[in-house]
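Here's a walk through one protein chain and the two molecules it holds. Keep the structure open next to you and click along as we go.

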Amino acid sequence: MSELLDIRGLAVRFPGARCLVQAVAGADLRLAEGECLGLVGESGCGKTQLLHSILGLSPPQAQIAGSIRYRGEEIVGLAPRALERIRGRRIAMVFQDPMTALNPCRRIGAQVGEVARVHLRASRAEAERRALSMLEAVQIADPQRCLRQYPHELSGGMRQRVMIAMALIGEPDVLLADEPTTALDVTVQAQILALLRDLRARTGAAVLMVTHDLGVIAEIADRVAVMYAGRIVEQAPVEVILSHPRHPYTEALQRCLPRVDQPPPQRLPSIPGRPPSPSALPPGCPFAPRCLYRMPMCDTQMPTLCEVSAAADGVRQTPQSQQSAPDVGGGRSSQGSRGTSQAQHLKACWHEGALGRLAPAPP
Ligand SMILES: Nc1ncnc2c1ncn2[C@@H]1O[C@H](COP(=O)(O)OP(=O)(O)O)[C@@H](O)[C@H]1O
Ligand code: SF4
Ligand SMILES: [Mg+2]
């Protein structure tokens, strides 16, 4: 699979009166043609800001650094006119809250059709025809009626379907979906996930799906990137993340999942402590205050994202992955090398290869 999006060292910072808020603090991410990458992490870790920076939607005061390449073309710093070629047409977004993303004063048909008029230069009649067929594709029960309705007349699930229709009408290569099912009840959530899976199979679009729910990830993603305090701390194919989480944060997230194969605990486990404030990130590993495996170097040095020995996960090690190892753990290679395999298991923790053998330190 070739890379559609290649994000390296991405930082999104907001200058404040007394401090700098680091919403994204040096994230590395790849999205391959046609794949579904799940981006998972707690509230406030920078998921939405990462997505917005891809589309140039960050607030004007945001300082963006690092690199975002779409099909090899640098997006960071692109002039607004040049960005318009990509935004909505090649990369489209489903926003977290359809009620605020849709214009409450305009009919659905006008809003969906407008995307076709702007991005596909469709005539008014052609735009209406495309809007109708898109509403059918997202399985709106009475699409003709829906065209004439206003957002407040639709249910939450229907509004989310309309958002997906608006995102896909320009026939993009990449769909960015920001927690598209968070506000929906579980039945509608399952329907929307099934719809996204179906549309992805039909259109071939790659999906970058943001969520804080590992259950959603298990349903839809091929690969998972785990985000903590503005950085990616672990990436691997979904079955590897769920069966062999290696970063202590991912392991802790997994411990918090309710299990159907075990008696229910009296209290669901949670990760003690809180994520660091993005305006006061520590010099070392940001997960250190909550980590069961913490050691002295964790407080002073930041581990970089490196390859975990893949054999234990049943993931084949690639020749690229065995190249230079400029890091501390031994037997690791930097993610920065070209030709990174989609099957690589990467994590940012000093305990290379040892986590399976380590017993958690007492809290
Ligand atoms: N306009 C802004 N000014 C200052 N800080 C912001 C702004 N927007 C977002 N942030 C901060 O950036 C961090 C990441 O936000 P966000 O990307 O929305 O998190 P997530 O989507 O993971 O919940 C949060 O701590 C948030 O408070
Ligand atoms: S680097 Fe240290 S504190 Fe961070 S996750 Fe690894 S063991 Fe825990
Ligand atoms: Mg968000």
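Let's settle one term before anything else: a residue counts as near a molecule if its C-beta atom, placed from the backbone, lies within 6 Å of that molecule. Keep in mind, too, that you're looking at a predicted model.

With that cut-off in hand, start at ligand 2. Its surroundings are made up of Pro248, Cys285, Phe287, Ala288, Cys291, Tyr293, Arg294, Cys298, Pro303, Cys349, Trp350 and His351. Sort that shell by class and you get 10 nonpolar residues, one polar and one charged.

Now swing over to ligand 1, where the shell has 13 residues. Phe14, Ala23, Lys47, Thr48 and Gln49 are the closest of them. The split by class here is six nonpolar, six polar and one charged. Which helix gives the most to the shell around ligand 1? That's helix 1, with three residues. Strand 2 (20-32) also supplies at least two, as does helix 1 (47-54).

Those two elements lead straight into a sheet. Four strands make it up, in the order 2-1-4-5, with antiparallel pairing, and the sheet is open. Its edges are strand 2 and strand 5 (73-74), each of which pairs on one side only. Helix 1 packs on this sheet and touches strand 1 (3-15), strand 2 and strand 4. The direction of helix 1 makes about 65 degrees with that of strand 2. Over at the other edge, strand 4 (residues 63-70) and strand 5 run antiparallel to each other and are joined by two bridges. If you want a spot to click on there, Arg69 stands opposite Glu74 in strand 5.

Time to step back and take in the whole chain. It has 11 helices and 12 strands, and 42% of its 363 residues are buried. Take the contacts with a separation of 6 or more, and 65% of them link residues 24 or more positions apart.

What about the inside? The largest nonpolar core has 90 residues, and Val112, Ala165, Val174 and Leu175 are the ones with the most contacts inside it. Helix 7 (residues 156-168) contributes the largest share of this core, eight residues. Zoom in on Val112: neighbours within four places in sequence aside, Val112 is in contact with Ala131, Met134, Leu135, Val162, Ala165, Met166 and Ile169.

Val174 and Leu175 are worth following as well, since they take us to strand 7. Is strand 7 (residues 174-178) enclosed or open to the outside? Five of its five residues are buried, so strand 7 is largely enclosed by the rest of the structure. To see how that works, recall that side chains in a regular strand alternate between the two faces of the sheet. In strand 7, Val174, Leu176 and Asp178 sit on one side and Leu175 and Ala177 on the other, and all of them are buried, which leaves both faces covered.

Strand 7 has partners to look at too. One is strand 6 (residues 91-94), which pairs with strand 7 in the parallel sense over four bridges. Along that pairing, Ile91 has Val174 as its bridge partner, and Val94 has Ala177. Strand 6 itself is buried in both directions: Ile91 and Met93 point one way, Ala92 and Val94 the other. Another partner is strand 8 (residues 206-211), again parallel to strand 7, this time over five bridges. There, Val174 stands opposite Ala206.

Two more residues round off the tour. Arg197 belongs to helix 8 (residues 186-203). Is Arg197 buried or partly exposed? With 14 other C-beta atoms within 10 Å, Arg197 is partly exposed, because being buried takes 20 or more. Arg197 and Val207 are 10 residues apart in sequence, and their C-alpha atoms are 9.6 Å apart in space.

Leu305, in the loop between helix 11 (248-255) and strand 11 (306-307), makes a handy contrast. Leu305 has 24 other C-beta atoms within 10 Å, so it counts as buried. Measure along the chain and Leu346 is 41 residues from Leu305, yet their C-alpha atoms are separated by 6.0 Å.

Note on methods:
Residues numbered from 1 in each chain as written. Chains lettered and ligands numbered in written order. Predicted model: local features only at pLDDT ≥ 70, side-chain atom pairs only at ≥ 80, totals over all residues. Nonpolar A, V, L, I, M, F, W, Y, C, P; charged D, E, K, R; others polar. Core = buried A, V, L, I, M, F, W, Y, C linked by C-beta atoms within 7 Å. Buried ≥ 20, exposed ≤ 12 C-beta atoms within 10 Å, placed from the backbone. Contact = placed C-beta atoms within 7 Å. Pairing = 2+ DSSP bridges. Axes fitted to C-alpha atoms, helices over the stretch in contact; angles between N-to-C directions.
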